[in-house]
Amino acid sequence: MFDFLRFWLLIQLFGLIALPLAWRLFRFLPDRGYAFAKALGLLGASYLLWIGASFGLLRNTSGGIVLAMLLFAGVGVWLGRAGWQRDESGEQPLLVELWQRRGHILAAEILFLAAMAAWTIFRAYNPDIAGTEKPMEFAFLNGILNSPQFPPHDPWLSGYGISYYYFGYVQLNALVQLSGVAPSIAFNLGLASIFALTLLGAFGLGYNLVVSDDDKPASPRRGMLYGLLGSLLVGIMGNLEGVLESIHARGLMSPAMMRFFDVKELVDAPVTGSWSPGAFWWWWRASRTIHDYNFARTSSQELIDEFPFFSFLLGDMHPHVLGIPFVLLVIAMALSLIRGVQAGDGDDGGGWNAAWGRVRAGFGLDSWGLVIYGLALGALGFLNTWDFPMYLFLMTLVYALRRGLAGRLLHAPLWREILLAFFSLAIIGFFGYLPFYLSFSSQAQGIFPNFYNPTRLVQYGLMFGPFLAAIILLLIVAARRTPAPRSTFIRWLLVVLLLPAIFLLASLFTAYLVPGLRTQIEQLLGIPASQIIPQVLRLRLLTPATWILIGILLAAIGALAAQAWSDRAEKPCRNLAFTLALFFTALLLTYGTEFVFLRDTFGTRMNTVFKFYYQAWIMMAVGTTYALYFVVTRASRGLRIAAQAIMAVLILGGLVYPILAIPSKADNFRGEPSLDGARFVSQFRPDEAAVIAWLRTHTSPDAVIVEAPGGSYSDFNTISAHSGRAALLGWGGHELQWRGTYDEPGRREPLIEAIYRNLDTAAIAQTVDEFGVDYLIVGPRELSKYGIPPDRRRAYSLLWEPVFESGDYTVYAWRGA
């Protein structure tokens, strides 16, 4: 209880120090950014801590964190100083406006507290930091906690810094150090906090979108209802695969239906006779709704299509989860940007210098707004690198729409501004986080064409069904109000449909004609080059529906939004234009995975679909909140009733998943609740827990240990993960993913084996000296992996001194050759 209160109060403090800046940054939104202040404060203070610790100006200690918070608070007060008194526009002082918005503030705080408390209770019934990638994430957290300067040391590759997007763990590290909560408890409280911040951010977006509507603004009370709808769509609703699970469990899924939907492994799930699936981890399949195959269609390929609630349910503290509140913060900044259209925005005068002046003025805060926007976008790259280019595109598109709505036509002067805005944000976002990129390696191997895995429309509908319906309904109503010329739609449609087709054909023929590429393609696909082109064409022509549907929707949105840059009197309202930008970006992300993927060590589009679909879900969910309001307030009575019925059915279908999955994952809330994610180690492996406790108490945070390295997702390397003491090598497979090469892990594996087999005294001494090894762990895993008989352990005493024993575990300190 006290741990929860400390965490909650600390997050409130981060929100408080950011409030003056949020009040000015979001001055064009009805809630003045109150719903985003907590995320803004956590982001800003953590950034100053990280940049300071990267250059040796601050230390990653509680004192350094407090200093970073004070610095951020000072910057916020200085930039938001106009908010403390009535300004020329007639705005009330900050404290007065806070009081005037007390109803909204109270609702936001109740939502945040309720969400955090509810998910804390849920985590208490499945708290273990075990399975999937939780051990890796806990290792990162402990590694950062033990690093006074940045980059933090990699707990699974001693001597190296973490080569991963670790900013989210820096933020959690700040909460741990200031709250004094044990890391194993903070892990679960952190997940609950991210869940609550997600719902709060989505609430703020839904509220601001409908209350600030240009033509039909909602009342604050109605705005809160739509805010709750936004929270539901972004953070609680699941995809429609949960409906199939329930139907199959009941025994109503026919073989023909099973083949039609083709959800991976659903056919193997048991029929329980009830509406509730009974299989272990049945809810996992919702993240495998899109089913890819190899080129010959003889076996499945792994593909991930997570959505936010699945991530919260699973409980992995992965970067894409840690980044959600800050993605919503950036979306809110984009909304504030387009809401800030003012008289004079449409001026065309001057050349590049004048365009640069308009860009700086457009982001506000006396040009500091551009810096803040760039740093916020850049933070997404540090939180989850894939997100940076996605939201850079969205922000640039919103800026272009803002200028169009202010009367700018899409010609050379506006293109100059768009380019300047794009490159300014990109440069600030990159160089503001340069120390991270200098220490970051990647497994990315370039962009590769997706020749043979077009997504089936039925599976795409299972994933995004409610959102697709909202997009279609919005387009119908919006097109009736401000119809775009048919010729404009046709031009958009031809471009959207033909360009990717031409790209695929060009890629195929290029690969066929260039010998080196042809060999690579033959090895990748497993068939002779002469058969590749006809086979790819056949697969594409047999599965065109998703390509065509998304293409039509993109063309319709493009034609409608393009009116913002026309000289017509009728233009989309600002919030409609913003929502169209969200839908256009989201659909474009999912459209892109139909034709290209970022090749990595897996060699498939698994991670591309995973990362692109995840952000597409968030954008579509936010857009759907306003789309429903737009349809309800503008459509004819008949269409309004039909739309409400359709959306109610689809949203209820999406709620089947969380309703059934929550008790299943929590084992129906049986057992003894606890927030200690390391409790299972003490309960089932007490000797290992004793070693971890001894290392934490009696060794330096920068100590280097040797333990047997294990495969990814195994229970090996628990000691280094839980103690934060860097191991010579941990999960080697993950090091390959993080660094794109196995050279260093591969070099260390035989050296570790030589240490445990005690084969060569001189070689062992050289290894210890090279890597600065302090302690050797000998326990059941080491004995089993290296086939060491119990009597061999005595031989270790020649080089190592026993310093701690507990059951089957012995910790040795280096004695010397």
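How much area does the protein chain expose, and what share of it do carbon and sulfur atoms supply? About 30,100 Å² is exposed, and 63% of that comes from carbon and sulfur atoms. Keep in mind while you browse these views that the model is predicted.

**Figure 1. The whole protein chain, before we zoom in.**
Start with the parts list: the protein chain has 34 helices and 9 strands. Its radius of gyration is 28 Å, close to the 28 Å the globule rule gives for 817 residues, so the chain is as compact as a globular protein of that length. If you boxed up the C-alpha atoms along the principal axes, you'd need roughly 90 × 70 × 60 Å. Of the 817 residues, 60% count as buried. Now take the contacts between residues at least 6 apart in sequence: 77% of them join residues at least 24 apart.

**Figure 2. Charged side chains across the protein chain.**
Here we're looking at charge. The protein chain carries 61 positive side chains and 57 negative ones. Find the centre of each set and you'll see that the two centres lie 10 Å apart.

**Figure 3. Strand 7 and its two partners.**
Strand 7 covers residues 775-778. On one side, strand 5 (residues 704-706) runs parallel to strand 7, joined to it by 2 bridges. In this pairing, look for Ile705, which stands opposite Tyr775 of strand 7. Strand 9 (residues 809-814) pairs with strand 7 too, but in the antiparallel sense and over 4 bridges. There, Ile777 stands opposite Val811 of strand 9.

**Figure 4. The two faces of strand 7.**
Are the faces of strand 7 covered or uncovered? Both are covered. Tyr775 and Ile777 sit on one side, Leu776 and Val778 sit on the other, and all four are buried. You've already met two of these residues: Tyr775 is opposite Ile705, while Ile777 is opposite Val811.

**Figure 5. Ser311 and its surroundings.**
Let's move to helix 12, which spans residues 308-314 and is home to Ser311. Is Ser311 buried or exposed? Its relative accessibility is 2%, and buried means under 20%, so Ser311 counts as buried. Which residues does Ser311 touch, leaving out those up to four places away in sequence? They are Glu306, Asp316, His320, Val321 and Tyr614. Take a second look at Val321: this residue is 10 residues from Ser311 along the chain, and their C-alpha atoms are separated by 6.7 Å.

Notes
Residues are numbered from 1 along each chain as its sequence is written. This is a predicted model: local features need pLDDT of at least 70, side-chain atom pairs count only at pLDDT 80 or more; totals for chains, interfaces and linings use all residues. Side-chain values use heavy atoms; hydrogens and water are left out. The radius of gyration is taken over C-alpha atoms; the globule rule is 2.2 Å times the number of residues to the power 0.38. Buried means under 20% relative accessible area, exposed over 50%, partly exposed in between (1.4 Å probe, protein chains only). Contact means heavy atoms within 4.5 Å. Accessible areas come from the Shrake-Rupley method with a 1.4 Å probe; for residues, only the protein chains shown count as cover. Lys and Arg count as positive and Asp and Glu as negative; His and the chain ends are not counted. The place of a charge is taken as NZ of Lys, CZ of Arg, CG of Asp or CD of Glu. Two strands pair if DSSP finds at least two bridges between them.
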